[in-house]
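I sat down with this one to look up a few things about helix packing and cysteines. Here are my notes, in the order I took them.

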Amino acid sequence: MDRDKDRVDSQLEKDATATTRLLDKPILAMAVDSGGVKEVSTDAGLCNVWAVTFLFLWYFFSGCTLFLNKYILTYLEGDATVLGGMQMFATLVCGYLQMKAEGRDVRGKKPGGFYRHMIIVGGLRFCTVLLGLVALNYVAVSFTETVKSSAPAFTVIISRLILGQITGFYVKLSLLPVMGGLAICSANELSFNLVGFMAALMTNISECAQNVYSKMLISGDAFKYSPSEMQFYTSVASCVVTVPTMVLLVDSSTITSMDPKMMFCLLVNGVFFHGQTIAAYYLMDYISPVTH
């Protein structure tokens, strides 16, 4: 009797321990474990020459992309959906060429959960691009950056949900002057518009989720997706969404009536966007999403 009772008590303790571990684990992280990505690597930080190089490239290409977006939408009166589609197509082509240059097999064996991961990141990526372009069509670049100053707060929350990463108190405290400083710098040229504001806010949330999820995929221990793989496969998933969207929202006359100047600007913008996103993927392996 006593022996059976001890056995039952021991089993109950094991079940309670397993339940506690399950509850302590982030919900989305459990879903990722089933796909083969279990842990997140330790961040190397910016004390690395490559990390600083990718950071500089990301700043450069981001600035070029942002202002060329505004130029195409405002001064050339381009279509936001066409611009977003061109960016997705450019990253698809450039990502494919980069994978070939690295000697990677596009049709090679894929790990478990591969398609789910790529569809999630690709969908978030397309939403970020399209909503960001809609925001720029309604509000100034400075206002978009004002809304974007809330990104660290969203990233802290999303990192906790997806990665289980707990941000320290002093890191959270340091985000306040960063967010406040960017908002103050951009406050002189506010041009409020409800549609533009909502689009900018949704862009912010979508981009934060994309960055955190990408960090998880790039820095996984069981399987690490390379930046070129992330660039190509997520672009494929984004294009699956982009094509139907363009068919529904864009008239054929909008595409056929493009002049050479518009086509050149769209092409250059696509190359800049590829540089921005591939640099972000490389940088993501060195730093945390909150730092990004």
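I started with the cysteines, keeping in mind that this is a predicted model. How many disulfides does a search of the whole structure find? I got zero.

I then checked how accessible two of the cysteines are. Cys127 came out partly exposed, at a relative accessible area of 36%. Cys265 I noted as buried, since its relative accessibility is 10% and the cut-off for buried is under 20%.

Next came helix packing. Two packed helices are described by the angle and the distance between their axes, so I looked up both.

My first pair was H4 (residues 80-101) and H12 (residues 260-284), whose axes come within 8 Å and cross at roughly 60 degrees. I therefore wrote down H4 as oblique to H12. The crossing of H4 with H12 is right-handed. On the H4 side I found Met86, Ala90 and Cys94 among the contact residues, and on the H12 side Leu267, Phe273 and Ile278 are among them. Sorted by class, this contact has twelve nonpolar, eight polar and no charged residues.

My second pair was H5 (residues 114-138) and H10 (residues 227-249). Their axes come within 7 Å and cross at roughly 60 degrees, so I entered H5 as oblique to H10. I noted a right-handed crossing for H5 and H10. The residues in contact include Phe114, Arg125 and Leu130 of H5, along with Tyr233, Ser238 and Val241 of H10. By class, I have ten nonpolar, seven polar and one charged for the contact of H5 with H10.

Methods
Residues numbered from 1 in each chain as written. Predicted model: local features only at pLDDT ≥ 70, side-chain atom pairs only at ≥ 80, totals over all residues. Heavy atoms only, no water. Axes fitted to C-alpha atoms, helices over the stretch in contact; angles between N-to-C directions. Helix = DSSP H or I, 4+ residues; strand = E, 2+ residues; numbered from the N terminus. Parallel < 35°, antiparallel > 145°, perpendicular 65-115°, else oblique. Left-handed = near helix turned anticlockwise from the far one by under 90°. Contact = heavy atoms within 4.5 Å. Nonpolar A, V, L, I, M, F, W, Y, C, P; charged D, E, K, R; others polar. Disulfide = S-S within 2.5 Å. Buried < 20%, exposed > 50% of the residue type's maximum accessible area, 1.4 Å probe, protein only.
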